[in-house]
Amino acid sequence: MGPKWTTWTVMTMLQEGRPLRVRDVAARLPFVSEQLVGKRLATMRTDGLVIRADTGHGAPYRLSALGESLTPVHRTLADWSRTYLSAGATAEAERVEDAVQRLRLRHTTAMVQVLDKGGPMRFVHIAEQAGLDYAFTQHRLLRLQADGLVTRTEPRHGAPTP
């Protein structure tokens, strides 16, 4: 789902519903250069998200089945972002990228899963169950707290964190 602009590109291609050339995608994303769109589509092709309609230079791209399968994931992330991260008018693709940015940090998923499974616990227990270094876990939890993904249940050091 990353790097940046992958979500925008996928959602743009889904919206159009037909194969698009690099310049066509870039025209629908005026804040991104055609060169960057070309690089992003090449990476997406390597990753299996898009395929070329033929092998000729300038051939249009279309989403693969894998690329199209991102639709429910994007919708879920956009809904989550709308509910928990930001209110106001924001493009769906921007909501998805904002959510992914917050979840992208290394070991975030492991820590959230430990908390989801075990409920509130001290950071040392989170570190042990996730198999992470204590200092790293403490630092990551502070970042997750700043991002609004976890909260302390008590104000003192080492208090449980849901």
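Buried here means under 20% relative accessible area. The model is predicted. By that cut-off, Thr6, Thr7, Trp8, Thr9, Val10, Thr12 and Met13 of H1 are buried.

**Exercise 1. The aromatic cluster**

Find which residues the ring pairs link into a cluster, and classify the pairs within it.

Step 1. Search the whole structure. It holds 3 aromatic pairs.

Step 2. Take tryptophan 5 and tryptophan 8. Their ring centres are 5.9 Å apart and their planes stand at 50°. Planes under 30 degrees apart would be stacked, and over 60 edge-to-face, so this pair is tilted.

Step 3. Take tryptophan 8 and phenylalanine 31. Here the centres lie 5.2 Å apart and the planes meet at 75°, so the pair is edge-to-face.

Step 4. Place the second pair in the chain. Tryptophan 8 belongs to helix H1 (residues 6–16), while phenylalanine 31 sits in the loop between helix H2 (22–28) and helix H3 (34–46). The two are 23 residues apart, and the pair links distant parts of the chain.

Step 5. Assign exposure. Tryptophan 5 has a relative accessible area of 18%, so it is buried. Tryptophan 8 is buried too, at 16%. Phenylalanine 31, at 47%, is partly exposed.

Result: Trp5, Trp8 and Phe31 form the cluster.

**Exercise 2. A charge over a ring**

Identify the ring whose face lies under arginine 52.

Step 1. Check the ring of tyrosine 61. Arginine 52 lies over its face, 4.4 Å from the ring centre.

**Exercise 3. Two cores**

Name the residues of the largest nonpolar core that touch the most other members.

Step 1. Count the core. It has 18 residues.

Step 2. Rank by contacts. Met13, Val25, Leu29, Val37, Leu41, Met44 and Val50 touch the most other members.

Step 3. Map the core to elements. H1, H2, H3 and strand E2 (61–63) each give two or more residues.

Step 4. Follow methionine 44. Leaving out residues up to four places away in sequence, it touches Thr6, Thr9, Val10, Leu49 and Val50.

Step 5. Look for another core. A second, separate one has 10 residues, including Met121, Ile126, Leu132 and Leu144.

Step 6. Inspect isoleucine 126. It lies in helix H8 (residues 123–130). Its relative accessibility is 0%, so it counts as buried. Threonine 137 is 11 residues from isoleucine 126 in sequence, and their C-alpha atoms are 7.5 Å apart.

**Exercise 4. The faces of H9**

Test the length of helix H9 (residues 134–146), then determine how its buried residues are arranged around the axis.

Step 1. Compute the expected span. The helix has 13 residues; the expected span is 1.5 Å times one less than that number, so H9 should cover 18 Å. The end C-alpha atoms are 18 Å apart, which agrees.

Step 2. List the buried residues of H9. They are Thr137, Arg140, Leu141 and Leu144.

Step 3. Recall the helix geometry. An α-helix has 3.6 residues a turn, so residues three or four places apart point the same way.

Step 4. Look down the axis of H9. The buried residues fall within an arc of 105°, so they line one face.

Step 5. Turn to the face away from the buried side. It carries the exposed residues Ala135, His139 and Ala146.

Step 6. Find the packing partners. The buried residues of H9 pack against helix H7 (108–118) and H8.

How values were computed
Residues are numbered from 1 along each chain as its sequence is written. This is a predicted model: local features need pLDDT of at least 70, side-chain atom pairs count only at pLDDT 80 or more; totals for chains, interfaces and linings use all residues. Side-chain values use heavy atoms; hydrogens and water are left out. Rings of Phe, Tyr and Trp (its six-membered ring) pair if their centres lie within 6.5 Å; planes under 30 degrees apart count as stacked, over 60 as edge-to-face and the rest as tilted. Buried means under 20% relative accessible area, exposed over 50%, partly exposed in between (1.4 Å probe, protein chains only). Helices (H or I, at least four residues) and strands (E, at least two) are DSSP runs, numbered from the N terminus. A charge sits over a ring if NZ of Lys or CZ of Arg is within 6 Å of the ring centre and within 35 degrees of the ring normal. A nonpolar core is a set of buried Ala, Val, Leu, Ile, Met, Phe, Trp, Tyr and Cys residues joined through side-chain atoms within 4.5 Å. Contact means heavy atoms within 4.5 Å. The arc is that of the directions from the helix axis to the C-beta atoms.
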